[in-house]
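Welcome! Take a moment to look over the sequence and the fold, and then let us walk through some of the details together.

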Amino acid sequence: MSTPFTVTIDLNRSVLPASTEITLYALVRITPTREAVDWVRNNPRRVHVVFTIDTSGSMAGEKLETAKQAIIRRFRKDLDSDDMISVVTFSNEARVVVSSIKKKDAADFERRIMSLSVEEETNLYDGLEKSIAEFKKTPAGYLKRIVLATDGVPTTGITDHDKIIDLARMAAQQGIKIDVYGIGDDYDYSLCSSIAKAAYGWMRHVSKADELDKVSQTAMDIYKGTIIDTLTMRILAEPGVKVSDVIMVYPQVKRLSPSGDVYVLGSLTGSPIMVAAKLDVGRFDPGMHKVASVAVGASSRDIVVNFVTDQSWVPEKCDARIYYMYGLRVSQMEENVSAGKPMDTIEKQLHDILSTDCAKQVAINDPYFRQIIARSMAAKTQIDARTKVDSYTNPMG
């Protein structure tokens, strides 16, 4: 298979005034090729998934029963015979219920899952630690994924948030991604979100237990349809140019923090990855100038701008700026929810942006932006702040 994706860059302006400091927005689209999507569909990825389930007292009843059923459905419907599965529970202490077994060999899997019961405490650190250890038995070539579901806060064992997040970072260094499902209203949103970000996974708010089945199925579809497990991007700015902010805007919204000049984008699946960057451009002489280059994998694209003295430069192309402003406002809303602050003002600013003629113009030709607008309109009707943010940050659904 040839290069499995294409890279395009849209700028809000390709012509800028010379000898003037100005902001330039760039939208990087990484689109999987049809050949790559078809190849993975016909050759699904082998995965080792570890379901890490909170079995503290607050999970008693519908929450735990729904989690059991979701695990069993994923086992029956989504895993292939050579895929591997583990199940780890955590309450007073963590317990490995099913240890690194292939589906074809898991004869009594469902019985073990249905026997799960609750205790009192929430030893999240121990649960994550034992889950990470399960991947020592994973053969080469398997994707490594943890699905963490919790409805509470750490109450026993190591409860320090920084140490728990460091554990997630350690997992990421081993190629393990962690998707986190926060159930109900009492879990620690900030901690759960930080775990997912540290391990390049998804954070999903599950307001009702019966939503677990749908979101876990979406997760398995993404795992099996993964084209590249970990995709990275570099933005190299020329002298006089500063990369001041980079935000992923699709298939999820999250602010990206670089390690040096490298941004980890996560997995490439059947959907495009879109990243909006804000560049502060200093004074350039008239003429064509390269202001930055973007490298994704082995593909590299230069950002070249025509600097002119005539101030009547070409009109703005809306896409890059609108995507960036959308990502910025959603990131700010998520930060406010994590800090327990109101998000009303930022949400109004977001909907003002989505109501502009510029946003409407983008939506005419861009099905992904139409999807974002639809999710945003649906989110606006939600009362619960966490449900709103989940809709905004996960525009793919």
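## Helix 6 and its ends

Which residues of helix 6 are buried? They are Y189, L191, C192, S193, I195, A196 and A198. That makes 7 of the 10 residues in this helix, which runs from 189 to 198, so helix 6 is mostly covered, given that buried means under 20% relative accessible area. Keep in mind as you explore that this is a predicted model.

Both ends of the helix are worth a look. At the N-terminal end, D188 acts as a cap, with a side-chain oxygen 3.2 Å from the backbone nitrogen of S190. Just after the helix comes Y200, whose phi is positive, at about 55°.

## An open sheet and a helix across it

Next, find the sheet. Here 5 strands line up in the order 1-3-14-11-12, with antiparallel pairing, and the sheet they form is open. Its edges are strand 1 (5-11) and strand 12 (254-255), each of which pairs on one side only. Strand 1 runs antiparallel to strand 3, and the two are joined over 7 bridges. Within this pairing, T8 stands opposite R29 of strand 3.

Helix 8, residues 319-338, packs on the sheet. This helix touches strand 1, strand 3, strand 11 (241-250), strand 12 and strand 14 (273-281), and its direction makes about 90° with that of strand 3.

## Salt bridges

How many salt bridges does a search of the whole structure find? The count is 33. One of them brings us back to R29, which pairs with D366 at 2.9 Å between the closest N and O atoms. The two partners are 337 residues apart: R29 belongs to strand 3 (residues 22-32), while D366 sits in the loop between helix 10 (357-365) and helix 11 (367-380). Are these partners buried or exposed? R29 counts as buried because its relative accessibility is 14%, and D366 is buried as well, at 4%.

Another salt bridge joins the side chains of K104 and D82, 2.8 Å from N to O. K104 is in the loop between strand 6 (94-102) and helix 3 (109-114), and D82 is in the loop between helix 2 (62-78) and strand 5 (84-90), so this pair ties together parts 22 residues apart in sequence. K104 is exposed, with 53% relative accessibility, whereas D82 is partly exposed, at 28%. A further example is D108 with R111, whose closest N and O atoms are 2.9 Å apart. In this pair, D108 is partly exposed at 28% and R111 is exposed at 54%. Shared partners also link salt bridges into one network, made up of D10, R29, K317, D319 and D366.

## Aromatic pairs

The whole structure holds 6 aromatic pairs. F75 and F109 form one that is stacked, at 4.2 Å centre to centre and with 20° between the planes. Since F75 lies in helix 2 and F109 in helix 3, the pair ties together parts that are 34 residues apart in sequence. F75 is buried at 8% relative accessibility, and F109 is buried at 1%.

Why does the pair F284 and F307 count as stacked? The ring centres are 4.7 Å apart and the planes meet at 15°, so the pair is stacked, as planes under 30 degrees apart count that way. F284 lies in the loop between strand 14 and strand 15 (287-296), and F307 lies in strand 16 (residues 299-308), 23 residues apart. Both F284 and F307 are buried.

How values were computed
Residues numbered from 1 in each chain as written. Predicted model: local features only at pLDDT ≥ 70, side-chain atom pairs only at ≥ 80, totals over all residues. Heavy atoms only, no water. Buried < 20%, exposed > 50% of the residue type's maximum accessible area, 1.4 Å probe, protein only. Helix = DSSP H or I, 4+ residues; strand = E, 2+ residues; numbered from the N terminus. Polar contact = N/O pair within 3.5 Å; in protein donor to acceptor, adjacent residues only side chain to side chain. Salt bridge = Lys/Arg side-chain N within 4 Å of Asp/Glu carboxyl O. Pairing = 2+ DSSP bridges. Contact = heavy atoms within 4.5 Å. Axes fitted to C-alpha atoms, helices over the stretch in contact; angles between N-to-C directions. Phe/Tyr/Trp six-rings, centres within 6.5 Å; stacked < 30°, edge-to-face > 60°.
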